[in-house]
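Open the model in your viewer and keep the selection panel at hand. The tour starts at the ligand and then moves outward.

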Amino acid sequence: MKIIFLGPPGTGKGTIATLLNEKYSIPQISTGDLFRENIKKQTSLGKKAQEYVNKGELVPDDVTFGMLKERISRTDCKKGFILDGYPRTIPQADILEKNKIKIDIVLNFVASEKIILQRLGGRWTCRNCGAIYHEINIPPKVKGRCDKCKGELYQRDDQKPDIIKTRLVEYRKKTEPLIDYYKKKKLLTDISTERKVEEIFDEVTVLLDKFF
Ligand code: AMP
């Protein structure tokens with residue numbers, strides 16, 4: 001079962017992927033998370049990706065696919081996986097085809113620009129354990145401190161207003177054409193995300209249950 005999550009940042013793809021991972025035991029592979037891990041550890045890949053990620057620009061395709069290929073070759077991906085953040089461009093989708101990675105379904109997460117800016121703008125991340133909070137939707141009990149580990153909360157560079165705008169422009173220009181690309185292949189389903197997480201999750205599981 002190979003699933004692609006499409007949609008701009010701030011549409012809750014990560015939240016739904018985590019719930020699906022619990023239900024179907026297939027991993028969520030977020031290229032953004034993989035890059036952030038590598039940057040934190042300052043691996044050679046992390047050093048290559050850092051300047052792009054911090055500016056909200058796309059990392060070159062050879063670096064990105066190399067990282068993804070290694071990740072999906074691991075045993076936990078045998079039953080399938082959810083790609084969250086890959087492909088981001090039509091050439092990246094072509095790379096999947098060339099490598100005979102056959103996608104079963106593409107879920108396109110949709111929200112208005114206003115909602116996306118609200119959701120992304122208020123995000124805070126724990127420097128210690130990576131937990132994510134939101135000023136309005138998921139506020140921490142103590143301002144600036146993680147509920148779970150008491151670590152310091154900070155705003156990631158790519159969650160600052162200017163960078164959020166760059167990420168959205170990149171999305172519209174380079175990733176949105178994938179909607180038509182996968183529509184033509186009859187793989188795409190739109191998922192509206194301006195409603196409760198439980199409702200979104202129910203709709204998605206009705207779609208995916210057919211495959212499991
Ligand atoms: P995300 O958390 O998915 O928004 O990704 C954070 C950042 O990682 C992006 O702004 C890019 O710099 C980089 N990135 C993630 N996925 C890709 C990809 N498929 N291709 C190129 N760069 C990526």
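Which helix gives the largest share of the shell around the ligand? Helix 2 does, with four residues; helices here are DSSP runs of H or I with at least four residues, strands are E runs of at least two, and both are numbered from the N terminus. This is a predicted model, in which local features need pLDDT of at least 70, side-chain atom pairs count only at pLDDT 80 or more, and totals for chains, interfaces and linings use all residues. Residues are numbered from 1 along each chain as its sequence is written, and side-chain values use heavy atoms, with hydrogens and water left out.

Select the ligand and the 17 residues around it (near means a heavy atom within 4 Å). Thr31, Glu57, Gly85, Gln92 and Arg167 come nearest.

Next, show the polar pairs (N or O atoms within 3.5 Å; within protein, one must be able to donate a hydrogen and the other to accept it, and residues adjacent in sequence count only if both atoms are side-chain atoms):

- Glu57: a backbone N or O atom is 2.5 Å from a ligand oxygen.
- Arg88: a polar side-chain atom is 3.1 Å from a ligand oxygen.
- Gln92: a side-chain N or O atom is 2.9 Å from a ligand nitrogen.

Now select Thr89, in the loop between strand 3 (81–84) and helix 5 (90–98). The Thr89 side chain reaches the backbone nitrogen of Gln92 at 3.1 Å. Leaving out residues up to four places away in sequence, Thr89 touches Leu58, Asp61, Lys174 and Leu178 (contact: heavy atoms within 4.5 Å).
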